[in-house]
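Q: Hi! I have a structure open on my screen and would love to talk it through with you. Could you help me find my way around?

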Amino acid sequence: MDNDYFSIDAILAENQKIQCKFKQRIPEMGHLGGGSERDITALSKRQIPIWLAYIIVYSDWADFDIPQPFSNKVRNALRAEPRSVRLSNLVGAGTGWYVFGKTIMDMLGDEQGVEMSEMLVATFKGRLVDVIDQAQHFAALGPVGGGGSGGVDSAPQMFREGLDTTERELFVSAQESSRRMRKWYEEGNGGTKRVL
Amino acid sequence: MSADTRQFGDLATQLVMESRRSTQTDALLKYNDSLVRSLIREQRDLERAAEALEAGIDERQGPPPALLIIQTAISRNKRCLLAYHSHRVDHLRDLYWAVGGALPHILNNQDIRSKLSPHEVDYLRQYNSSVMEFRSEFSHELDITASITNPPKDLHVLVHVVKDCGVIQTELGSIDFQKGQRFMVRRADIEHLIVQGYLEEVS
């Protein structure tokens with residue numbers, strides 16, 4: 001979840017590809033992004049993983065497009081109602097929307113970066129209360145998504161299914177925490193052992 | 001460029017995916033020696049390619065983009081290699097503390113032992129020495145290898161012997177723990193045997 005050098009999640013998040021439009025010719029690197037020519041020609045477009053795209057963008061050899069998960073359409077939807085968007089659908093399985101967003105943000109210039117940052121934070125805050133609330137409610141029942149009563153719960157269920165990986169971790173954590181508290185309260189009263 | 005380096009970072013990703021799978025299944029996987037070696041070979045190839053490019057640098061133009069890209073690929077591989085090993089070492093440390101520092105319990109377990117590389121075994125041994133040395137400095141006041149997840153409610157505990165563990169010294173004298181028997185003993189004396197699965201607490 002963090003941007004730690006050793007974090008497996010951060011490393012895999014940087015494998016996400018972004019669309020780069022090259023401004024100049026790059027000799028000998030034609031194989032990047034699956035090309036078959038020897039060189040990259042100016043104005044050509046390639047899908048490059050973020051970890052590699054950093055240096056290319058910083059050195060001003062290419063520009064990149066904001067990826068679809070953070071497009072204006074998504075931003076507007078989030079601004080209107082953050083809980084309505086299924087974040088898990090926006091990015092591939094196993095990658096977090098927030099983690100991806102953070103890595104993109106690191107590559108943007110000041111103004112765009114701040115805008116992105118504010119969007120990520122506002123979205124997170126807007127959704128967090130529901131994530132924790134549902135987790136505590138479900139602590140009494142079964143595991144996430146297990147046997148949820150279809151009809152009545154369908155909106156919360158859709159929300160749960162749309163959680164991004166970071167939110168999912170928090171959900172599981174909160175659920176576990178509630179369960180343990182409950183267990184501790186129950187044990188405390190009836191579980192005192194008698195010393196012989 | 002040879003076919004191996006067609007896509008930079010592919011081997012590295014494979015390695016890191018193993019770390020992720022290990023976390024998801026909460027299991028230690030076998031040390032992937034062949035993949036690590038392939039990665040190191042790739043590093044050497046990249047290094048050679050970088051040196052070749054370095055030789056031809058034009059003072060006024062600066063380093064060619066290809067050089068910086070290769071350097072990035074080298075750093076990426078390095079990061080993935082380090083993360084893989086660091087992740088495994090964290091796992092091993094957790095394992096060590098879960099058995100209360102009983103190193104033989106881990107190393108004699110063929111299931112686990114077969115998954116470790118020789119270096120990891122060395123690491124565990126050295127780690128264990130350090131812990132034991134540290135622990136001995138205040139072992140009268142506190143035993144740092146005792147369990148902390150379940151605070152003891154009683155001084156004594158009733159245990160059932162699951163596996164023979166032979167003669168153990170306790171406050172009551174030496175007791176021969178044989179399978180199927182029950183004893184009321186001081187928790188501190190046999191805590192480590194519960195953690196390792198020889199004794200079972202009877203509630």
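Q: Let's start with A:D60. Where is it found in chain A?
A: A:D60 is in the loop between α2 (50-58) and β3 (62-64) of chain A. Keep in mind that this is a predicted model.

Q: What sign does phi of A:D60 have, positive or negative?
A: Phi of A:D60 is positive, about 60°, although the residue is not a glycine. For background, most residues other than glycine have a negative phi.

Q: And is A:D60 buried, exposed or partly exposed?
A: A:D60 counts as partly exposed, because its relative accessibility is 43% and that class covers the range between under 20% for buried and over 50% for exposed.

Q: OK, over to chain B. What is phi of B:D26 near?
A: Phi of B:D26 is near 55°, a positive value in a residue other than glycine. B:D26 is placed in the loop between α1 (10-25) and α2 (33-55) of chain B.

Q: Is B:D26 buried or exposed?
A: B:D26 is exposed, since its relative accessible area is 66% and the cut-off for exposed is over 50%.

Q: Back to chain A for a moment. How many helices and strands are in its secondary structure?
A: Chain A has 8 helices and 3 strands. Going from the N terminus, the order is α-β-β-α-β-α-α-α-α-α-α.

Q: How much of chain A counts as buried?
A: Of its 196 residues, 41% count as buried. As for the surface, chain A exposes about 11,000 Å², and carbon and sulfur atoms supply 54% of that.

Q: What about contacts within chain A that join residues at least 24 apart?
A: Taking contacts between residues at least 6 apart in sequence, 65% join residues at least 24 apart.

Q: Now the interface. How many residues of chain B are in contact with chain A?
A: 30 residues of chain B are in contact with 31 residues of chain A. The area buried between the two chains is about 2,700 Å², and carbon and sulfur atoms give 66% of it.

Q: Which three residues supply more than any other three of the area that chain B buries there?
A: B:R20, B:R76 and B:R79, which supply 26% of the area that chain B buries against chain A.

Q: How many salt bridges are there between chain B and chain A?
A: The count is 3. One of the residues just named takes part in a salt bridge: B:R20 pairs with A:D9, and the closest N and O atoms are 2.7 Å apart.

Q: I also noticed a nonpolar surface patch. Which residues make it?
A: A:Y5, A:F6 and B:L82 make a nonpolar surface patch of about 250 Å². B:L82 is found in helix α3 (residues 65-98) of chain B.

Q: Why can B:L82 be part of a patch?
A: Patch residues need over 30% relative accessible area, and B:L82 is partly exposed at 36%.

Q: Last topic: which domains is chain B divided into?
A: Domain 1 (10-137) and domain 2 (156-201). The C-alpha centres of these domains lie 39 Å apart.

Q: Which residues of helix α7 of chain B are buried?
A: In α7 (residues 187-195), the buried residues are B:R187, B:D189, B:I190, B:E191, B:L193 and B:I194. Their cover includes β1 (156-161), β2 (166-170), β3 (173-177), β4 (182-186) and β5 (199-201) of chain B.

Q: What comes just after α7(B)?
A: There you find B:G197, with a positive phi of about 90°.

Methods:
Residues numbered from 1 in each chain as written. Chains lettered and ligands numbered in written order. Predicted model: local features only at pLDDT ≥ 70, side-chain atom pairs only at ≥ 80, totals over all residues. Heavy atoms only, no water. Patch = residues over 30% accessible without salt bridge, like charges linked within 9 Å, V, L, I, M, F, W, Y side chains within 5 Å. Areas by Shrake-Rupley, 256 points an atom, 1.4 Å probe, with all protein chains shown as cover. Salt bridge = Lys/Arg side-chain N within 4 Å of Asp/Glu carboxyl O. Helix = DSSP H or I, 4+ residues; strand = E, 2+ residues; numbered from the N terminus. Buried < 20%, exposed > 50% of the residue type's maximum accessible area, 1.4 Å probe, protein only. Domains from an automatic or database assignment. Contact = heavy atoms within 4.5 Å. Buried area = accessible area lost by both parts, 1.4 Å probe.
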